[in-house]
Amino acid sequence: MYNKILIAARGEIALRIIRACRELGIRTVAVHSEADTESLHVKFADEDVCIGNAQPVESYLNIPRLIAAAEITGADAVHPGYGFLAESPYFAEVCMSCKLDWIGPAPSLMEKMGHKSEARRLMNEAELPIIPGSDGIVEGEEIALKLAGQIGYPVMIKAVAGGGGRGIRIVRGVDELSSLFHAAGAEAEAAFGDGGLYLEKYLETTRHIEVQVFGDGKGRAIHLRERECSIQRRHQKLIEESPAPGIPEEIRDRILDYAVRGAEYVRYGSLGTVEFLVDPEENVYFLEMNTRVQVEHPVTEMVTGVDLIKEQIRLASTGESPLLDRHPDVTGHAIECRINAEDPEKSFKPSPGLITFYHPPGGPGVRVDSHLYAGYTVPPYYDSLLAKIITWGETREEARVRMIRSLEECVIEGVPTTIPFHLWILRHEKFISGDFDTSFIDKAGR
Ligand code: MV4
């Protein structure tokens, strides 16, 4: 087992990884920017290294400084968490060439899955259903116009380097295509340094279901059931749950089979997520694959009882994990709410600042993953996630009521948060019935 891991992340996920390492008896190195000196991940790690100023490019995205921190502290491996460099095959390769293990899949796989139309091609090869669309990159608006006509409007233009909803446009008719094609290309070029675009039929009302997978890198993979992630705002997930409500058992089993088949086909070798869209006729389509641990992984941990991060580290370190030899059962239901420092009254404007009082919820079936404490100042430079509240119940209804109780119990003073918005969703008849899709937030008028 590793002796020491450098955690190339901040906030709640850095803390989550530290917790896994402590239970495994692995020492931890936190890296931090000058804006994060007072962060909990710095206080809880065994060692810490300041790697630069507040701007991410000067610190959390600065590969030479991360590598230097690992070398100075004698770390054996790097855990990237999510965000920042977690999906950078280049960073993974640099780590490996510096004799640092990468706690994640092979860089070549990260590269393939990071290229969204290449991922589509591979999963089509593995005989997963893909959304009707272009064969690879669309070179220029003429070809886009012709293809869109064949696919039929509405179509979606997507960046091959995509992520976080950037470089995505819905095109409703032929007259919009040209301008949206150029806008998406320019946005993708600016965001990712790659303006490559591809086309897909736009599926209007879909549910967003993802499957947690875990593979050995030699062609064997298991799934740890699905998560329903349709409740999003501007491509940021707000609420996730497992199992997915309202999906017939045979459809769910098909989705799980596809995910395992895809992961095995590419010889996936770590924790990963295969995303799907499910339309009202219950057609299932592969959407993309994420090669990192996800924000919402605790939902799966709550219903399976598995510590995913510990197993991910164990597998990276020893090449083995007992998890690969047993298919964990699911017990009950879990829901996660992401609490952000944003003002729902001011179109979710980020609202960093001093936390003057903090009281997290507790009691039966409640888990809080958070780096908050009273007196902490949320810096303005990074994402505004403050806490994830996850509740478990024997039934979905118990988990839902428990979440309402937890949100009411949670006190965060000093900055506005999204807690009131979550309460509104949890009490909405569509959420209660489980009859919702990705249009929920828009349709419900927010
Ligand atoms: C789609 C889609 C419908 N049709 N692709 C991809 C990236 C992710 N952030 C959103 N993605 C989607 N891709 C096709 N061909 C629907 C989504 C989607 C979505 C779209 C609008 C508003 C909320 C959404 C939530 C999940 C997925």
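Me: How far is a backbone N or O atom of Lys-201 from a nitrogen atom of the ligand?
Reply: First, a heads-up: this is a predicted model, where local features need pLDDT of at least 70 and side-chain atom pairs count only at pLDDT 80 or more, while totals for chains, interfaces and linings use all residues. Residues are numbered from 1 along each chain as its sequence is written, and side-chain values use heavy atoms, with hydrogens and water left out. A polar contact here is a pair of N or O atoms within 3.5 Å (within protein, one must be able to donate a hydrogen and the other to accept it, and residues adjacent in sequence count only if both atoms are side-chain atoms). For the backbone atom of Lys-201 and the ligand nitrogen, the distance is 2.7 Å.

Me: Which residue has a side-chain N or O atom 2.8 Å from a nitrogen atom of the ligand?
Reply: Leu-203 won't do, as its polar atom, 3.0 Å from a ligand nitrogen, belongs to the backbone. The side chain we want, with its N or O atom 2.8 Å from a ligand nitrogen, is that of Lys-158.

Me: How much of the ligand's area does the protein bury?
Reply: Accessible areas come from the Shrake-Rupley method with a 1.4 Å probe (for residues, only the protein chains shown count as cover). On its own the ligand exposes 530 Å², and the share buried by the protein is 89%.

Me: How many residues around the ligand are nonpolar?
Reply: A residue counts as near if one of its heavy atoms lies within 4 Å, and 14 residues surround the ligand, with Lys-158, Glu-200, Lys-201, Leu-203 and His-235 coming nearest. As for classes, Ala, Val, Leu, Ile, Met, Phe, Trp, Tyr, Cys and Pro are nonpolar, Asp, Glu, Lys and Arg are charged, and the others, Gly among them, are polar. The shell has four polar and three charged residues, and its nonpolar count is seven.

Me: Which domains does the ligand lie between?
Reply: Domain bounds come from an automatic or database domain assignment, and they split the protein into domain 1 (4-103), domain 2 (132-201) and domain 3 (207-444). Two of these both give residues to the shell, so the ligand lies between domain 2 and domain 3.

Me: What is the order of the open sheet of three strands?
Reply: Strands (E, at least two residues) and helices (H or I, at least four) are DSSP runs numbered from the N terminus, and two strands pair if DSSP finds at least two bridges between them. Five bridges join E6 to E8, with Met-156 partnered by Glu-200 in E8. The edge strands, pairing on one side only, are E7 (169-171) and E8. With antiparallel pairing, the order is E7-E6-E8.

Me: Which strands sit at the edges of the sheet of eight strands?
Reply: That open, antiparallel sheet runs E13-E12-E9-E10-E11-E14-E21-E19. E12 (271-278) pairs with E13 over six bridges, and one partnership links Thr-273 to Asn-290 in E13. Pairing on one side only, the edge strands are E13 (284-290) and E19 (366-370).

Me: Which residue does a cis peptide bond join to Ser-242?
Reply: Don't mix this up with the cis bond from Tyr-153 to Pro-154, with omega near -5°; Pro-154 is in the loop between helix H7 (141-151) and E6. Our residue is in the loop between strand E11 (236-242) and helix H9 (249-265). With omega about -5°, the partner of Ser-242 is Pro-243.

Me: What is phi of Arg-267?
Reply: Arg-267 is in the loop between H9 and E12. Its phi is positive although it isn't a glycine, with a value near 55°.
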